[in-house]
Amino acid sequence: MTATFSATDHLHMAHALRLAERGLYTTQPNPRVGCVIAHGDAVVGTGFHRRAGEPHAEVFALREAGERARGATAYVTLEPCAHHGRTPPCADALIAASVGRVVVAAEDTFPQVDGRGIGKLRDAGITVASGLMREAARALNVGFFSRIERGRPFVRLKLAMSLDGRTALASGESKWITGEAARADVQRWRARSSAILTGSGTVLADNPHLTVRLPDGEEFAPPLRVVLDRQLRTPAGSRVLDGSAPTLLLHGAAATCSDDRFERVERVALPTPGDALDLRTVLALLGGRGCNEVHVEAGPTLGGALFSAGLVDELLLYVAPLLLGDRARALLQLPPLADMAARWRLQVIDQRMLGADIRLRLRPG
């Protein structure tokens, strides 16, 4: 039976989703969750999950509500947990507070929850309705659901190109294709990610920091820097080796190093079928480490390999109003197509102006 939701229900769940967004940069590896407790139109408690290991959204909202939680409706963007992790079960807290009804946006498919939270609430006599604004709640935690349901992170490939589809001059020079507003926007996509991934070719060409730079006072959990370097080509002095952020360097099993340039980063050897690291193995490893969203900033070879393997879930494409000419570097290195029927189709899910540049969010299919 499909639940029926009122205008008030929609209003409070939208509020809960806005609260959940406040944990966008800090909850890794946990999902972003918000909670509103209300009697009709009157809100008596609000909360959101701030970071792993700290109380969940429901606990903050119940603390604020106090005795007013009795008989109230709790609006939660994700099914309340039913297990003891770093914190006690939120389903138990809602039961103890004697709320009368719980409205859930998205069910939690994490194996230790997966309906158990809703079941526990119903067994305690609490009315539970789920599915209100489910799509928005899942979108907010697209990486969490990807990791839980597919065993790998959600992969977002960031690209910047000229109007003629070029990413750098033939010499490799690419600073700066886009303007300041677009570059600031990239920092926010980095901040919401669990990991920033690149290849050794980009390290050699650009020597990137791969760190997050947000305005002073904005909190974020530093993403893991991940470098794919099959032959251990990353040179001493590279910024990704400076220890300023957690860094994982993945290399081929046959590669060895006799100096100390990697002493401040973690190295893991992986099998190398052919002449490259197995990208599915890379993503499975990152998923096993709790990475939800992986932000890729790489050259056309690695970006093209991920895309052609069907491992890119979203393209974050910045288009600048300039031309670089036909000798400049192409966007992605992709295999040739036999005919137009084989072309890759992309769906535009969002487009906006950032200064003079256009930002497109696209998804395959």
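In the predicted model, nine strands form an open sheet with mixed pairing, in the order E11-E10-E9-E8-E12-E6-E13-E16-E15. Its edges are strand E11 (266–270) and strand E15 (346–354), each of which pairs on one side only, and neighbouring strands of the sheet are turned against each other by 20° on average, direction ignored. Within this order, strand E8 (residues 195–199) and strand E12 (residues 293–296) pair in the parallel sense over 3 bridges, with Val294 of E12 serving as the bridge partner of Ala195. Helix H7 (residues 180–191) lies across six strands of the model, namely strand E6 (154–161), E8, E12, strand E13 (314–319), E15 and strand E16 (357–364), and runs at about 165° to E13.

Helix H9 spans residues 279–288, and its buried residues are Leu279, Val282, Leu283, Leu285, Leu286 and Gly287. An α-helix has 3.6 residues a turn, so residues three or four places apart point the same way. At the start of H9, a side-chain oxygen of Asp278 reaches to within 3.3 Å of the backbone nitrogen of Arg280, while the residue Gly290, which follows the helix, has a positive phi near 85°.

The unreviewed UniProt entry carries a "binding site" annotation that covers Ser174, Arg190, Asp206, Leu210, Arg213 and Glu297. Of these positions, Arg213 is placed in the loop between helix H8 (200–206) and strand E9 (224–228) and is partly exposed, with a relative accessible area of 47%. When neighbours within four places in sequence are left aside, Arg213 is in contact with Gln187 and Arg190. Glu297, in the loop between E12 and helix H10 (300–308), is by contrast buried, because its relative accessible area of 12% falls under the 20% limit. Not counting residues up to four places away in sequence, Glu297 touches Lys158, Val186, Arg190, Leu197, Thr198 and Thr202. Arg190, itself covered by the annotation, is thus among the contacts listed for Arg213 and for Glu297.

The loop between H8 and E9 also holds Ala221, which counts as partly exposed at 24% relative accessibility. The C-alpha atoms of Ala221 and Thr26 are separated by 5.1 Å, although these residues stand 195 residues apart along the chain. Beyond residues up to four places away in sequence, Ala221 touches Tyr25, Thr26 and Ala191.

The count of salt bridges in the model comes to 22. One of them joins Arg51 to Glu54, with the closest N and O atoms 2.7 Å apart; Arg51 is partly exposed at 26% relative accessibility, and Glu54 is likewise partly exposed, at 24%. A further salt bridge links Glu293 with Arg156, the closest N and O atoms being 2.9 Å apart. Since Glu293 belongs to strand E12 and Arg156 to strand E6, this pair ties together parts that are 137 residues apart in sequence, and both Glu293 and Arg156 are buried. Asp350 forms a salt bridge with Arg359, where the closest N and O atoms lie 2.8 Å apart; Asp350 is buried, with a relative accessible area of 16%, and Arg359 also counts as buried, at 5% relative accessibility. Salt bridges that share partners, moreover, join Arg32, Arg156, Arg192, Glu293, Glu314, Arg361 and Arg363 into one network.

How values were computed. Residues are numbered from 1 along each chain as its sequence is written. This is a predicted model: local features need pLDDT of at least 70, side-chain atom pairs count only at pLDDT 80 or more; totals for chains, interfaces and linings use all residues. Side-chain values use heavy atoms; hydrogens and water are left out. Two strands pair if DSSP finds at least two bridges between them. Helices (H or I, at least four residues) and strands (E, at least two) are DSSP runs, numbered from the N terminus. Axes are lines fitted to C-alpha atoms, for helices over the stretch in contact, and angles run from 0 to 180 degrees between N-to-C directions. Contact means heavy atoms within 4.5 Å. Buried means under 20% relative accessible area, exposed over 50%, partly exposed in between (1.4 Å probe, protein chains only). A polar contact is a pair of N or O atoms within 3.5 Å; within protein, one must be able to donate a hydrogen and the other to accept it, and residues adjacent in sequence count only if both atoms are side-chain atoms. UniProt positions are given in the numbering used here, feature names are shortened, and annotations may be inferred rather than shown by experiment. A salt bridge is a side-chain nitrogen of Lys or Arg within 4 Å of a carboxyl oxygen of Asp or Glu.
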